Each structure stands twice: as structure tokens, then as C-alpha cells.
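Reader: Could you take me through one part of this model up close? Pick a sheet, start there, and then work outward to whatever is worth a look.

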Amino acid sequence: MTIYPTLEIPETLAAGPGPGNTDPRVLERFAKTGVADHMQKDVVRGMLEAKEMLRDLWGTKNVYTYGVAGTGFSGLDCVLSLILPGDTVVAFPNGTFSGIDSLTIRMKAATAEELAANPLNPNASSVTIVETPHGKPVTGELVDKVLAEKKPKWAFMAHWETGSGRINDLKGFSDACVKNGVMGIVDAVSSLGVADFNIDDYPGVVAWASCPQKGVLALPLTYAPVSFTDKAIEQVKARGCPSYVHHPILNARHWGIIDGKDVPNAAYHQTHSCYAVASFHEALRIILSHGRANKAADYAYHEKALRQAVEALGCEVTSDMTSLVVLNLPGDLAGKEKDLVAGARAKGFGIWPTLSEPVQVRIGILNQLSQQQIEEIVSRFADAMIEMGAKVDKAAVLGGLKSYYAKAA
Ligand SMILES: *Cc1c(COP(=O)(O)O)cnc(C)c1O
């Protein structure tokens with residue numbers, strides 16, 4: 001038998017696509033919450049309040065808006081559970097995460113025979129996968145063209161594809177769904193809490209999923225926000241869903257949503273953690289008091305600073321998300337992306353390579369929305385480049401960053 005020593009995890013600078021730097025107030029709620037069971041009145045009240053704050057954050061009147069215990073893919077599993085074997089689906093992946101979502105879709109839409117033929121990577125004949133290359137956006141024209149031809153029951157897209165830092169055409173996707181009588185499902189894992197948008201402005205989309213660790217910034221054991229329109233819930237009512245824990249209707253009961261209505265109490269679904277509820281509640285309070293539009297503007301402002309600084313270091317930025325910069329290293333460092341990232345990570349500077357080809361470097365600014373934090377990120381990235389042999393004038397680049405902020409102020 002081995003009893004290992006206490007697990008110590010150091011504080012690092014989480015400067016990747018996610019998770020983001022958790023606000024100390026969220027951690028404080030986690031640590032200071034008393035033990036209480038999942039039906040205790042304040043735990044339940046916290047869930048009911050979180051549900052209402054989540055509707056404000058999503059910009060929706062959808063009654064079926066709540067959190068799924070777990071990570072982003074837990075929320076996605078819940079919304080993609082709308083899809084039953086044999087359902088026709090068109091999915092529009094353009095990178096790592098929408099690629100994994102497309103695998104989930106093929107697993108859910110596959111017939112029993114198709115699943116047995118290739119259990120880990122089924123080929124479902126009712127699913128059409130329309131790939132857009134890494135770094136390129138999914139356009140409304142493409143979605144409209146394919147939906148008009150295929151007339152599927154469901155269509156799927158990621159809003160912000162974090163794999164390459166690319167924003168996809170949400171309005172075009174929603175419009176194409178409405179026009180062609182298709183029900184849209186969207187992975188909004190990376191955009192919720194960063195971008196300023198109301199999901200009710202996109203009526204072609206009937207189900208949305210996000211995550212705790214990116215824009216919502218509630219990493220400790222938390223909730224993946226989901227939202228379903230009544231139309232989506234009607235489908236589940238009529239056809240069922242082969243999952244208890246990720247059942248869109250049953251899961252909602254613990255958040256005080258029963259028979260399509262808000263009720264003042266909860267019905268047991270699973271043993272929700274009082275610590276997680278309190279942390280998630282605090283994270284929502286923080287975003288809403290900052291203001292969704294202000295937050296989005298802050299991201300755009302600081303992303304621009306980081307973008308200009310890495311360009312001054314000779315890198316080429318290819319992304320358009322405001323929480324993340326995806327870049328190619330200058331010519332003399334090309335091919336050394338993974339080594340550079342590994343070197344940085346070994347020093348507690350948590351940047352990332354892309355997870356699918358081509359290999360690029362990803363630097364994120366989740367909850368790093370101050371001049372000082374951006375300067376720290378740029379300084380450490382410049383050091384990582386210098387370590388790999390780059391000739392860069394770090395002082396000049398940091399000077400440029402200072403004048404960006406001075407000008408803006
Ligand atoms: C991060 C991410 C996911 C996965 O979220 P997890 O919390 O790792 O489960 C899915 N989709 C997108 C677009 C993401 O950025």
C-alpha cells in the first residue's frame with residue numbers, strides 16, 4: 001500500500017484557452033461555506049437564485065436554463081442528449097472542440113449496429129459532418145446551403161471555436177436554421193461570460209451549452225450552464241432521453257423547474273455540493289455586477305494590447321476571439337512551438353499549443369483584465385521566446401505596451 005504525501009499544486013499563471021484564473025471571491029465562498037446537504041434551504045435557495053442570474057447572463061427567458069454538474073462537456077452531453085439514434089443531423093466543426101462535439105453527435109445519432117461496428121468512433125449514416133478548416137470561420141452561407149440541401153432535424157455549431165480562436169457566424173447559423181425549419185444546437189462554452197449577446201436574439205437555436213471554467217470563472221467543482229427553448233423541451237417530452245443524470249427535464253427539477261414552470265422548491269436529482277453551489281452563485285454575482293457589456297469591452301481592450309505586443313515580438317496572430325490569442329511564431333522559431341510551450345509550462349506559465357494541426361501557440365487572458373496582468377503575460381512570453389533563441393527587444397515591446405495603455409487612459 002502506498003499513501004502518498006499531501007497533494008500540493010502550485011499557483012501558476014493560467015494563461016491558456018481555459019481554465020481561467022478563478023476569482024478569490026469564488027474560492028472564498030468555496031472555503032467558507034458550511035457543510036449542508038443538497039436539500040438544505042439555503043443550498044436550494046442558492047440554486048434558485050443562480051438559475052435566475054444565469055438567465056440574465058445568457059439573456060434569455062427560457063425557463064429551462066440551469067447548470068449541469070461537471071465541466072463543459074457535461075453540459076454539452078446534456079444538450080446533445082436531445083439527439084436520438086437515427087436522427088438526421090448536420091454538424092459544422094472547425095477545430096478541436098467542435099470536432100469532439102461532432103464525435104458525441106455521431107455516438108448519439110448512431111444506430112445500435114453503427115455503434116457496435118465502431119464503438120469509439122462510430123460512423124452514423126444519419127449524420128453529415130461538414131468540416132471547415134482550422135482557423136476559418138463557419139459562415140451563414142455555408143450553413144444555409146447545406147441545410148437547404150439536407151433538411152436535417154438538427155444542426156450543430158460551436159459559437160467560439162477555442163481550438164483555433166475563431167468566432168463563427170452565430171446569426172447566420174440561427175437564420176439558416178429558421179429558414180430551413182431545422183433546430184440548432186450551439187456550443188457556447190468559450191463565449192458565455194466573455195461576449196455580450198442574448199441567446200433569445202437567435203431563435204433558430206433551441207439548445208445552448210457552456211462551461212464553468214472559461215468566461216463564467218467558477219472552476220471549483222461547478223456547473224456547466226445550459227438553456228433549452230420550450231421547443232427543445234417538447235422534443236424530450238415526446239421522445240424521451242436515454243440518460244438519467246443528463247436528462248434535460250429531470251435535471252432541471254433540482255433547480256426548481258417542474259412541468260415547464262419555476263416552483264419555489266426543488267426536487268432531488270443528484271447530491272449537489274453546497275460548496276459548488278455557493279461558488280457558482282458568487283461567480284454569477286461577480287459577472288453581473290461588473291456588467292456583461294463592460295466585461296466584453298474589457299476583454300476586447302486587453303486582447304488588443306496582447307495582440308499588439310506579440311506582433312511586436314514578431315508573431316503572427318490568426319485568431320479573432322477576445323479571450324485568446326492564437327499565433328504563429330516568427331520564422332526562426334517555426335517548428336519549435338511545442339518546445340516553447342513546454343518550457344513556459346515548466347516555469348508555471350500555463351500557455352498552450354493548439355491540439356489539432358497546424359501547431360500554433362495559444363495565450364489566453366481569462367480573468368487577466370488589468371494592465372499589470374497583461375504586462376506579466378507579455379513579459380513571460382518574451383522570456384520563453386528568448387529562451388528558445390529568439391532575438392527580441394523585450395524592453396521595447398513592454399514599452400509599447402505601456403504606451404498603448406497610457407494612450408487609452
Ligand atoms: C473548453 C471547451 C470545451 C470543453 O470544456 P471542458 O470544460 O473541458 O469539458 C468544449 N467546447 C469548447 C468550444 C471549449 O472551448
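**The antiparallel sheet and beyond**

Author: Let's start with an open sheet of 4 strands, ordered E13-E14-E17-E16, with antiparallel pairing. Bear in mind that this is a predicted model. E13 and strand E16 (352-353) sit at the edges with a single partner strand each, so one side of each is left without a neighbour in the sheet. As a general reminder, strands of a sheet pair through backbone hydrogen bonds, in either the parallel or the antiparallel sense.

Strand E14 covers residues 324-328, and 4 of its 5 residues are buried, so call it mostly covered. On one side, E14 is joined by 2 bridges to strand E13 (residues 316-317), and the two run antiparallel. If you want to check the register, Glu 316 stands opposite Asn 328, and Val 317 stands opposite Leu 327. E13 and E14 make a hairpin, with 6 residues between them. E14 also pairs with strand E17 (residues 361-364), again antiparallel, through 4 bridges. There, Val 326 of E14 has Arg 362 as its bridge partner.

While you're around E17, have a look at the loop between E16 and E17, where Pro 358 is found. The peptide bond joining Glu 357 and Pro 358 is cis, with omega at about -10 degrees. That one deserves a second glance because most peptide bonds are trans. There's another cis bond, between Gly 18 and Pro 19, with omega at about 5 degrees. Pro 19 has its place in the loop between strand E1 (13-14) and helix H1 (24-32).

Gly 18 turns up again in the surroundings of Lys 214, which touches Pro 17, Gly 18, Thr 162, Val 189, Ser 190 and Leu 366, leaving out residues up to four places away in sequence. Lys 214 is in the loop between E9 and E10. Its relative accessible area is 6%, so Lys 214 counts as buried. The UniProt record, an unreviewed entry, annotates Lys 214 as "modified residue: N6-(pyridoxal phosphate)lysine".

E9 and E10 bring us to the other sheet. It is an open sheet of 7 strands in the order E2-E10-E9-E8-E5-E3-E4, with mixed pairing. At its edges stand strand E2 (64-69) and strand E4 (127-129); each has a single partner strand, so one side of each lacks a neighbour in the sheet. From one strand to the next, the twist averages 15 degrees. Helix H2 (residues 41-58) packs on this sheet, touching E2, strand E9 (205-209) and strand E10 (223-228), and its direction makes about 110 degrees with that of E2. For a parallel pair, try strand E3 (residues 89-91) and strand E5 (residues 154-158), which are joined over 3 bridges. Val 90 stands opposite Ala 155 in E5.

Now for the packing. The largest nonpolar core has 121 residues, and those with the most contacts inside it are Tyr 66, Trp 208, Phe 228, Leu 327, Ile 351 and Phe 381. Helix H10 (residues 274-290) gives the most to this core, with 8 residues. The core draws at least three residues from each of domain 1 (24-288) and domain 2 (292-408). You've already met Leu 327, which stands opposite Val 317 in the sheet we began with. For a closer look, go to Phe 228: not counting residues up to four places away in sequence, it touches Asn 62, Tyr 64, Tyr 66, Cys 78, Val 79, Leu 82, Val 206, Ala 207, Ile 233 and Pro 248.

Ala 176 is worth a stop too, in helix H7 (residues 170-180). Its relative accessibility is 3%, so Ala 176 counts as buried. Residues up to four places away in sequence aside, Ala 176 touches Gly 140, Val 143, Asp 144 and Leu 147.

Last, two backbone oddities. Most residues other than glycine have a negative phi, yet Lys 151 has a positive one, near 45 degrees. Lys 151 is in the loop between helix H6 (140-150) and E5, and at 48% relative accessibility it counts as partly exposed. Asp 259 also has a positive phi, about 55 degrees, without being a glycine. Asp 259 has its place in the loop between strand E11 (257-258) and strand E12 (261-262), and at 66% relative accessibility it is exposed.

Conventions:
Residues are numbered from 1 along each chain as its sequence is written. This is a predicted model: local features need pLDDT of at least 70, side-chain atom pairs count only at pLDDT 80 or more; totals for chains, interfaces and linings use all residues. Side-chain values use heavy atoms; hydrogens and water are left out. Buried means under 20% relative accessible area, exposed over 50%, partly exposed in between (1.4 Å probe, protein chains only). Two strands pair if DSSP finds at least two bridges between them. Axes are lines fitted to C-alpha atoms, for helices over the stretch in contact, and angles run from 0 to 180 degrees between N-to-C directions. Contact means heavy atoms within 4.5 Å. A nonpolar core is a set of buried Ala, Val, Leu, Ile, Met, Phe, Trp, Tyr and Cys residues joined through side-chain atoms within 4.5 Å. Domain bounds come from an automatic or database domain assignment. UniProt positions are given in the numbering used here, feature names are shortened, and annotations may be inferred rather than shown by experiment.
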